[in-house]
Amino acid sequence: MLPKQERLKSSSEFSATYRLKKSVADSLLILYAGSEKKNPEDITKVGFVVSKKIHKRSTKRNRIKRLMRESYRQARKNGDIPENIKWQTLIYLARAESIDKEYKDIYKSVVNLFNKAVRKFD
């Protein structure tokens, strides 16, 4: 579980991130990047979203969210995603293809999208 100060919770924070329209995608996930930090020592907040359009059962949606959260946490721990991220917020949004995927597939997608965003928005 991510620490409380690293979680994106309010709908206004989600809306502000979506409004910037800075996104990258692959077959499993979409990553939205928020505005750049003014102070590099601020903490980046991360949100994970799985729509009801993906699956009607909450257990399936929650499983994908848990996999995305754990993948992000492990990637930070392993150094695949650096500690000093330049964006204030990140949102990982699941696509329908992610419903039956395993942890390793979600992990690869989380890391690849982050690296893609770094290349695209630099």
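This section describes the fold, the nonpolar cores and the aromatic contacts of a predicted single-chain model.

The mean pLDDT of the chain is 94, with 100% of its residues at 70 or more. Among the elements, the lowest mean pLDDT (94) belongs to helix 1 (residues 11–20), and the highest (97) to strand 2 (residues 29–33).

The chain contains 3 helices and 4 strands, arranged along the sequence in the pattern α-β-β-β-α-β-α. Its radius of gyration is 13 Å, close to the 14 Å expected from the globule rule for 122 residues, so the chain is as compact as a globular protein of that length. The C-alpha trace spans about 40 × 30 × 30 Å along its principal axes. Of the contacts between residues at least 6 apart in sequence, 78% join residues at least 24 apart. Buried residues account for 41% of the 122 residues.

In soluble globular proteins, nonpolar side chains tend to be buried together. The largest nonpolar core of the present model comprises 30 residues, of which Leu29, Met68, Tyr72, Ile81, Trp87, Leu90 and Tyr92 touch the most other members. At least two residues of this core are supplied by each of strand 2, strand 3 (45–49), helix 2 (58–78), strand 4 (89–94) and helix 3. Helix 3 provides the largest share, 7 residues. A second core, separate from the first, has 6 residues, including Leu8, Phe14, Ile30 and Leu93.

Trp87, one of the residues that touch the most other members of the largest core, also has contacts with residues of several chemical kinds. When neighbours within four places in sequence are left aside, its partners are Lys22, Ala33, Gly34, Ser35, Glu36, Lys37, Thr44, Phe114, Ala117, Val118 and Phe121. Two of these partners, Lys22 and Phe121, are themselves related by a charge-over-ring arrangement: Lys22 lies over the face of Phe121, at 5.4 Å from the ring centre.

The aromatic pairs number 8. In one of them, the ring centres of Tyr18 and Tyr32 are 4.9 Å apart and the planes stand at 90°, so the pair is edge-to-face. Because Tyr18 belongs to helix 1 and Tyr32 to strand 2, this pair ties together parts that are 14 residues apart in sequence. The two residues fall into separate accessibility classes: Tyr18 is partly exposed, with a relative accessibility of 29%, whereas Tyr32 is buried, at 18%. Ring pairs further join Phe14, Tyr18 and Tyr32 into a cluster; Phe14 is also a member of the second core.

The surroundings of Tyr18 extend beyond this cluster. Not counting residues up to four places away in sequence, Tyr18 touches Tyr32, Val49, Ile91 and Leu93. Among these partners, Leu93 belongs to the second core. The C-alpha atoms of Tyr18 and Ala33 are 8.1 Å apart in space, although the two residues are separated by 15 residues in sequence.

Another aromatic pair, formed by Tyr103 and Tyr107, is tilted, with 6.0 Å from centre to centre and 45° between the planes. Both residues lie in helix 3 (residues 103–120), where a separation of 4 residues corresponds to about one turn of the helix. Tyr103 is partly exposed at 32% relative accessibility, while Tyr107 is buried at a relative accessible area of 14%. Both tyrosines are in contact with Gln74, neighbours of Gln74 within four places in sequence being left aside. Gln74 is located in helix 2 and is itself buried, with 18% relative accessibility. This value falls under the 20% limit for a buried residue.

A backbone feature is found at Lys21, in the loop between helix 1 and strand 1 (23–25). Most residues other than glycine have a negative phi. The phi of Lys21, by contrast, is positive, near 60°. Lys21 is exposed, at 70% relative accessibility.

How values were computed:
Residues are numbered from 1 along each chain as its sequence is written. This is a predicted model: local features need pLDDT of at least 70, side-chain atom pairs count only at pLDDT 80 or more; totals for chains, interfaces and linings use all residues. Side-chain values use heavy atoms; hydrogens and water are left out. pLDDT is the predictor's confidence in each residue, from 0 to 100. Rings of Phe, Tyr and Trp (its six-membered ring) pair if their centres lie within 6.5 Å; planes under 30 degrees apart count as stacked, over 60 as edge-to-face and the rest as tilted. Buried means under 20% relative accessible area, exposed over 50%, partly exposed in between (1.4 Å probe, protein chains only). A charge sits over a ring if NZ of Lys or CZ of Arg is within 6 Å of the ring centre and within 35 degrees of the ring normal. A nonpolar core is a set of buried Ala, Val, Leu, Ile, Met, Phe, Trp, Tyr and Cys residues joined through side-chain atoms within 4.5 Å. Contact means heavy atoms within 4.5 Å. The radius of gyration is taken over C-alpha atoms; the globule rule is 2.2 Å times the number of residues to the power 0.38.
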